Amino acid sequence: NDNLLLQGSSGESVIINSQVAINLRTNNGNDALTLDSSQNATFEGNVKIKKDNSNLLNLYRPNSSTAASSVLDFSFNTANSSEAVYARIRADVEDNTNSAQSGDLSFYTANAGTVGEVLKLTQEGNATFAGDVTISNQLTIAQDAASDRILFTRSGHDSYSLGLLGAQGLGIYNVTDNLIEMQFNGNGNVT
């Protein structure tokens, strides 16, 4: 095993060998950084970025394809000590026109072993949620599965939906009491 060892006066060292490209070791002999032959970097401790301006971290992928994406994964061990992704942030190229580029940003979480998109912020500024939206653990906003309406529920109160009431127009519907509270018909009348 051919190694080149550079050692500092306090015991810190750099090891370059033919199997692993570069190992940086602390003065107690522990690997702090390993750069392998595939250009992967593994940090064994915390990473601190210290810079005195607002652009602390720039994740750059030199690819302009509209199919390109960059992913930041958050991984932990499972119960059997194997590494698994628990959450993810993903950026996608939507339009690669010079000085008019557009992109989307998506957030993912793991549920029962499957990592799925839960929130997408589009280039137009729209937000799409994969599930219900709960505000302060009091109010839940969801799609009413039985209709083209938005369902509002709050613990201890009646549930209401807002949306289309078939041929009757747009309205507010009391789901708990099964009645239309307010209706806007196609003529602009409110009942």
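Buried means under 20% relative accessible area and exposed means over 50%, with partly exposed lying in between. The exercises below apply these cut-offs, among other things, to a predicted model.

**Exercise 1. Classify the two partners of the salt bridge between Asp 73 and Arg 88 by their accessibility, and place them in the chain.**

Step 1. The closest N and O atoms of Asp 73 and Arg 88 are 2.5 Å apart, which lies within the 4 Å that defines a salt bridge.

Step 2. Asp 73 has a relative accessibility of 35% and therefore counts as partly exposed, and Arg 88, at 21%, is likewise partly exposed.

Step 3. Asp 73 belongs to strand β6 and Arg 88 to strand β7 (residues 83–95), so that the pair links distant parts of the chain, 15 residues apart.

**Exercise 2. Work through the other salt bridges, and decide for each partner whether the residue is buried or partly exposed.**

Step 1. A search of the whole structure gives 3 salt bridges, one of which joins the side chains of Arg 90 and Asp 92 at 2.9 Å from N to O.

Step 2. Arg 90 is partly exposed because its relative accessibility is 27%, whereas Asp 92, with a relative accessible area of 13%, is buried.

Step 3. Asp 104 and Lys 120 also meet through their side chains in a salt bridge, with 3.7 Å from N to O; since Asp 104 lies in strand β8 (residues 102–111) and Lys 120 in strand β9 (residues 114–121), the pair ties together parts that are 16 residues apart in sequence.

Step 4. Asp 104 is buried, at 7% relative accessible area, while Lys 120 is partly exposed, at 25%.

**Exercise 3. Locate Leu 59 and describe the nonpolar surface patch to which this residue belongs.**

Step 1. Leu 59 sits in the loop between β5 (41–43) and β6, and with a relative accessible area of 59% this residue is exposed.

Step 2. The nonpolar patch on the surface includes Leu 59, Phe 43, Val 47 and Tyr 86, and its residues together have about 990 Å² of accessible area.

Step 3. Strand β6 (residues 69–77) contributes the largest share of the patch, namely 3 residues.

**Exercise 4. Give the strand order of the open sheet that begins with β11, and explain which strands stand at its edges.**

Step 1. The order of the 6 strands is β11-β12-β13-β14-β15-β16, with antiparallel pairing.

Step 2. β11 (133–135) and β16 (179–184) each have a single partner strand, so one side of each lacks a neighbour in the sheet.

Step 3. From one strand to the next, the twist averages 20°.

Step 4. Within this sheet, β14 (residues 160–164) and β15 (residues 170–174) are joined by 5 bridges, and Leu 162 has Ile 172 in β15 as its bridge partner.

Note on methods
Residues are numbered from 1 along each chain as its sequence is written. This is a predicted model: local features need pLDDT of at least 70, side-chain atom pairs count only at pLDDT 80 or more; totals for chains, interfaces and linings use all residues. Side-chain values use heavy atoms; hydrogens and water are left out. Two strands pair if DSSP finds at least two bridges between them. Helices (H or I, at least four residues) and strands (E, at least two) are DSSP runs, numbered from the N terminus. Axes are lines fitted to C-alpha atoms, for helices over the stretch in contact, and angles run from 0 to 180 degrees between N-to-C directions. Patches are made of residues with over 30% relative accessible area and no salt bridge: like charges are joined within 9 Å, nonpolar side chains (Val, Leu, Ile, Met, Phe, Trp, Tyr) within 5 Å. Accessible areas come from the Shrake-Rupley method with a 1.4 Å probe; for residues, only the protein chains shown count as cover. Buried means under 20% relative accessible area, exposed over 50%, partly exposed in between (1.4 Å probe, protein chains only).
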